[in-house]
Amino acid sequence: MKPLGPIPPGFDTIDGELAIGGKTASVLAEEAGDTPLFVYSRTLLDARIAELRAAMPERLSIHYAVKANPYPPVLAHMAGLVDGFDIASGGELAIVQAAGIDPAEVSFAGPGKRDRELEAAIAAGVTLNCESEGEARRALAIGEKLGATPRMAIRVNPSFELRGSGMKMGGGAKQFGVDQDLAAALAREIIPTGAEWRGWHIFSGSQALDAEAIVETQANVLALAAQLADEVGEPLPKLNMGGGFGIPYFNGDTPLAIDRVGAALAERFADLPETLAETRFCIELGRYLVGEAGVYLTRIVDRKESHGQTFLVTDGGLHHQLAASGNFGTVVRRNYPLAIATRFAAEPDEEANVVGCLCTPLDRLADQAHLPRAEVGDLVAVFCAGAYGATASPMEFLGQGAAQQVLV
Ligand SMILES: Cc1ncc(COP(=O)(O)O)c(C=O)c1O
């Protein structure tokens, strides 16, 4: 038997089934007309952001990293909840523009921005988080060609990392940002051109659950931002402090203590150095905002035995849930939170492997899980599916195609 990850709070049971937004899994699948299906909950999105705002200092703006879940209805809903957005491509720019989001509150990070992406972003008035000297110079030249004033920040590659983070994006040789020792010189090159100077973006990691690690990183970010602003010789207009707030995916993971993070940040904000006195601060979060608000529903199409083990074969799999299958940056595969949605209230009484429909042994949703006995036609729910699901999985693999998505 292998443990499953912890099911996030906030889900209901109706008639013994998992219910989201007041509807059972069966009704949601029937209304969608087909499975597999991602279901995102407005109520859970609202609750998460309300809880975060209550914990964080008022001065801190909250930005949403669109890459976590760019589904347009989710984005439209988030527009009423957060203060800004971070995008990672020209494609995501088009999505935020279609949602009518104010470009003044959008920043664009990511290495390898093409000229046409820089052009579209500058024309729209989006802030570029420049990832290199070369990119900054291309942006300035494009601004001049367009007769537009680029809004420019520099993504700094800090010499520290976010301890315990699932993905490290700072601390050593990285393709992200400008090394901290070179950042002030680049700012001094950008500012006199008349570009709108938007300050630093310091993003050092992702998926951290240890509040102390985040507190320590935020202190380092503030110190570095002040030091670089001193080197530039100007007060800092904006500081994007990064994010890295994680969610519990696996057995033994515990939720991030955001009250502790917020209290420590409030203390820092009360004692800022002169160069940061007027600075606007934001964090950018993806999975923390949307991850736990989404569920992936997939139907069991076969039940079989092999060498004494039970296999529940579903119509979904890694083509929609690469991360849950253990193939998205995981070293040792562990089970995500998962349940038999149509028997949510039932006690577990057998050990089963839940697999996808692809002809690869990599396509596993749960290994040796303790579950209520399920039959063909039952629905399986994979939790923590609100971020890096639908668009972070190879949906065209083996001709399977996209999953349905719905916001309830
Ligand atoms: C620049 C940047 N911002 C935000 C994020 C979102 O991270 P998460 O979803 O873990 O909050 C990432 C993740 O890769 C990132 O690279």
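Okay, one definition before we start: a residue is called buried when its relative accessible area is under 20%, exposed when it is over 50%, and partly exposed in between. Keep that handy. Also keep in mind that what you see up there is a predicted model.

Let's try the definition on a salt bridge. Glu31 pairs up with Lys23, and their closest N and O atoms sit 2.9 Å apart. So how does Lys23 count, at 30% relative accessibility? That value lies between the two cut-offs, so Lys23 counts as partly exposed. Its partner Glu31 has a relative accessible area of 52%, and that makes Glu31 exposed.

Now a second pair. Glu117 forms a salt bridge with Arg114, with 3.3 Å between the closest N and O atoms. Glu117 comes out at 9% relative accessibility, so this one is buried. Arg114, at 45%, is partly exposed.

Third pair, and here we get to the strands. The side chains of Glu350 and Arg303 meet in a salt bridge, 2.9 Å from N to O. What does this pair tie together? Glu350 belongs to strand E19 and Arg303 to strand E16, which covers residues 294–306, so the bridge links parts that are 47 residues apart in sequence. Are these two buried or exposed? Both of them are buried.

There's a little network too: Arg48, Glu51 and Glu292 are joined by salt bridges that share partners. And if you search the whole structure, you find 23 salt bridges.

Back to E19 for a moment, since we've just met Glu350 there. This strand runs over residues 350–355, and five of its six residues are buried, so you can call it mostly covered. Who are its neighbours? Strand E17, residues 309–314, pairs with E19 in the parallel sense, over four bridges. Look for Leu312, which stands opposite Val354 in E19. Then there's strand E20, residues 364–371, which pairs with E19 in the antiparallel sense over five bridges. In that pairing, Glu351 stands opposite His370 in E20.

Last stop, a helix. H3 spans residues 72–79, and its buried residues are Val74, Leu75, His77 and Met78. Why do we say that they line one face of the helix? Look down the axis of H3: the buried residues fall within an arc of 160 degrees, so they line one face.

That's my tour. If you want to follow along on the structure, start with Glu350 in E19, then go to its salt-bridge partner Arg303. Thanks, everyone!

Notes: Residues numbered from 1 in each chain as written. Predicted model: local features only at pLDDT ≥ 70, side-chain atom pairs only at ≥ 80, totals over all residues. Heavy atoms only, no water. Buried < 20%, exposed > 50% of the residue type's maximum accessible area, 1.4 Å probe, protein only. Helix = DSSP H or I, 4+ residues; strand = E, 2+ residues; numbered from the N terminus. Pairing = 2+ DSSP bridges. Arc of directions from axis to C-beta. Salt bridge = Lys/Arg side-chain N within 4 Å of Asp/Glu carboxyl O.
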